[in-house]
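The following note is offered to a colleague who is examining this model. The points are numbered for ease of reply.

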Amino acid sequence: MTRVAPSLLSADFSALREELQRLAAAGADIVHLDIMDGHFVPNLTFGAPVIQALRPHSELIFDAHLMVTTPLQYIAPLAEAGVEMISFHYETEPHVDRVVQAIHAAGCRAGVVLNPATPVEVLTDVLPTLDFVLLMSVNPGFGGQKFIPYVTAKVDRLKEMIRARGLRTEIEVDGGVTEENAAVLRAVGCDILVAGSAVFNSDDMARTIRTLRG
Ligand code: DX5
Ligand code: ZN
């Protein structure tokens with residue numbers, strides 16, 4: 001069963017508590033939290049203090065996507081803020097295994113994120129230690145971009161790597177996911193679909209989430 005993780009990046013930042021409640025009422029499973037440091041990506045969002053303030057107001061699973069150059073320093077504050085899933089970019093981190101271990105030691109589920117141009121094969125060895133892999137289907141930094149079509153083939157290849165080894169690693173896809181392309185993504189084996197603009201710009205959020213889930 002595919003789960004839907006709306007991205008708070010497209011929410012009304014002046015009313016985040018209400019936006020979280022709106023997501024839960026519309027049937028979201030997870031909320032995707034895009035943490036940007038203005039270095040790895042040319043944009044800034046929010047961090048652990050804002051997430052901690054929101055935590056008591058939502059029962060959704062909190063999924064932190066770190067778009068930062070130094071992921072290690074964010075892990076403990078995010079875990080303390082009540083985040084359940086933490087992922088960081090392969091492209092930012094020479095010590096991928098160390099950061100995965102730190103996420104687990106903090107009591108969270110660990111994921112590695114790959115930019116569109118980074119092949120899934122770089123994860124061959126570390127894959128059994130990951131709870132999920134987040135495949136970017138746009139270049140990170142902004143909501144509302146177009147899905148990059150070649151990422152579908154990456155999902156397919158990653159799914160085959162996971163199946164062939166009998167792993168339970170989940171595949172999450174992020175960027176340009178819409179009601180139109182969700183069915184193909186589910187068919188190639190996505191377990192979690194992130195959607196920002198498709199959910200928040202929808203005239204019927206509950207319908208959009210249902211359609212994405214399939
Ligand atoms: C992009 C973020 C995404 C973004 C997705 O850097 O990682 O999570 O919010 O937004 P849409 O669904 O609008 O592409
Ligand atoms: Zn994201």
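1. The side chains of His-65 and Asp-34 are joined by a polar contact of 3.0 Å. This separation, like every other value in the note, comes from a predicted model. Two further polar contacts are made by the side chain of His-65: one with the side chain of His-89, at 3.0 Å, and one with the side chain of Asp-174, at 3.2 Å.

2. Where does His-65 lie? His-65 is placed in strand β3, a strand that runs over residues 61–67. The relative accessible area of His-65 is 0%, and the residue is therefore buried, the cut-off being under 20%. Leaving aside residues up to four places away in sequence, His-65 touches His-32, Leu-33, Asp-34, Ile-35, Ser-87, His-89, Val-113, Leu-134, Met-136 and Asp-174. The C-alpha atom of His-65 is separated by 14 Å from that of Asn-139, a residue 74 positions apart from it along the chain.

3. Which protein atoms serve as donors to the zinc ion (ligand 2)? They are NE2 of His-32, OD of Asp-34, ND1 of His-65 and OD of Asp-174, at 2.0 to 2.3 Å from the ion. The spacing of these donor residues in sequence is H-x1-D-x30-H-x108-D. Among them, Asp-34 in strand β2 (residues 30–36) and Asp-174 in strand β7 (residues 170–174) form a pair 140 residues apart, linking distant parts of the chain.

4. Why is the arrangement around the zinc ion (ligand 2) called octahedral? The six donor atoms subtend angles of 70 to 170° at the ion, and the arrangement is octahedral because of these angles. For comparison, ideal angles for six octahedral donors are 90 or 180 degrees.

5. The two aspartate donors may be considered for accessibility. Asp-34 has a relative accessible area of 4% and is therefore buried. For Asp-174 the corresponding value is 8%, so this residue is buried as well.

6. Ligand 1 has 20 residues around it, of which Gly-141, Gly-144, Asp-174, Gly-196 and Ser-197 come nearest. A backbone N or O atom of Gly-141 is 2.7 Å from an oxygen atom of ligand 1, and a backbone N or O atom of Gly-176 is 2.8 Å from an oxygen atom of this ligand. A side-chain N or O atom of His-32 lies 3.4 Å from an oxygen atom of ligand 1. Two residues thus appear in both ligand settings: Asp-174 is listed here and is also a donor of the zinc ion (ligand 2), while His-32 has the side-chain approach just described and also donates through NE2 to the zinc ion.

7. Met-67 is also part of strand β3. Its relative accessibility is 2%, so Met-67 counts as buried. Apart from residues up to four places away in sequence, Met-67 touches Asp-34, Ile-35, Met-36, Asp-37, Phe-40, Val-41, His-89, Pro-140 and Gly-141. The C-alpha atoms of Met-67 and Thr-45 are 10.0 Å apart, with their positions 22 residues apart along the chain counted as the separation.

8. Is Asn-115 buried or exposed? Asn-115 counts as buried because its relative accessibility is 15%, against a cut-off of under 20%. This residue sits in the loop between β5 (109–114) and β6 (132–136). Its contacts, not counting residues up to four places away in sequence, are Phe-40, His-89, Glu-91, Met-136, Pro-140 and Lys-154.

9. Gly-107 offers a contrasting case in accessibility. At 66% relative accessibility, Gly-107 counts as exposed, since the cut-off for that class is over 50%. Gly-107 is located in the loop between α4 (96–105) and β5. The C-alpha atoms of Gly-107 and Gly-176 are separated by 30 Å, the residues being 69 apart along the chain.

10. How many disulfides does a search of the whole structure find? The search finds zero. Cys-108 has a relative accessible area of 6% and is therefore buried. Cys-190 counts as buried too, because its relative accessibility is 3%.

Note on methods:
Residues numbered from 1 in each chain as written. Chains lettered and ligands numbered in written order. Predicted model: local features only at pLDDT ≥ 70, side-chain atom pairs only at ≥ 80, totals over all residues. Heavy atoms only, no water. Helix = DSSP H or I, 4+ residues; strand = E, 2+ residues; numbered from the N terminus. Buried < 20%, exposed > 50% of the residue type's maximum accessible area, 1.4 Å probe, protein only. Contact = heavy atoms within 4.5 Å. Donors = N, O, S within 2.8 Å, 3.2 Å for Na, K, Ca; no water. Tetrahedral: all angles 85-135°; square planar, octahedral: opposite > 155°, others 65-115°. Disulfide = S-S within 2.5 Å. Near = heavy atom within 4 Å. Polar contact = N/O pair within 3.5 Å; in protein donor to acceptor, adjacent residues only side chain to side chain.
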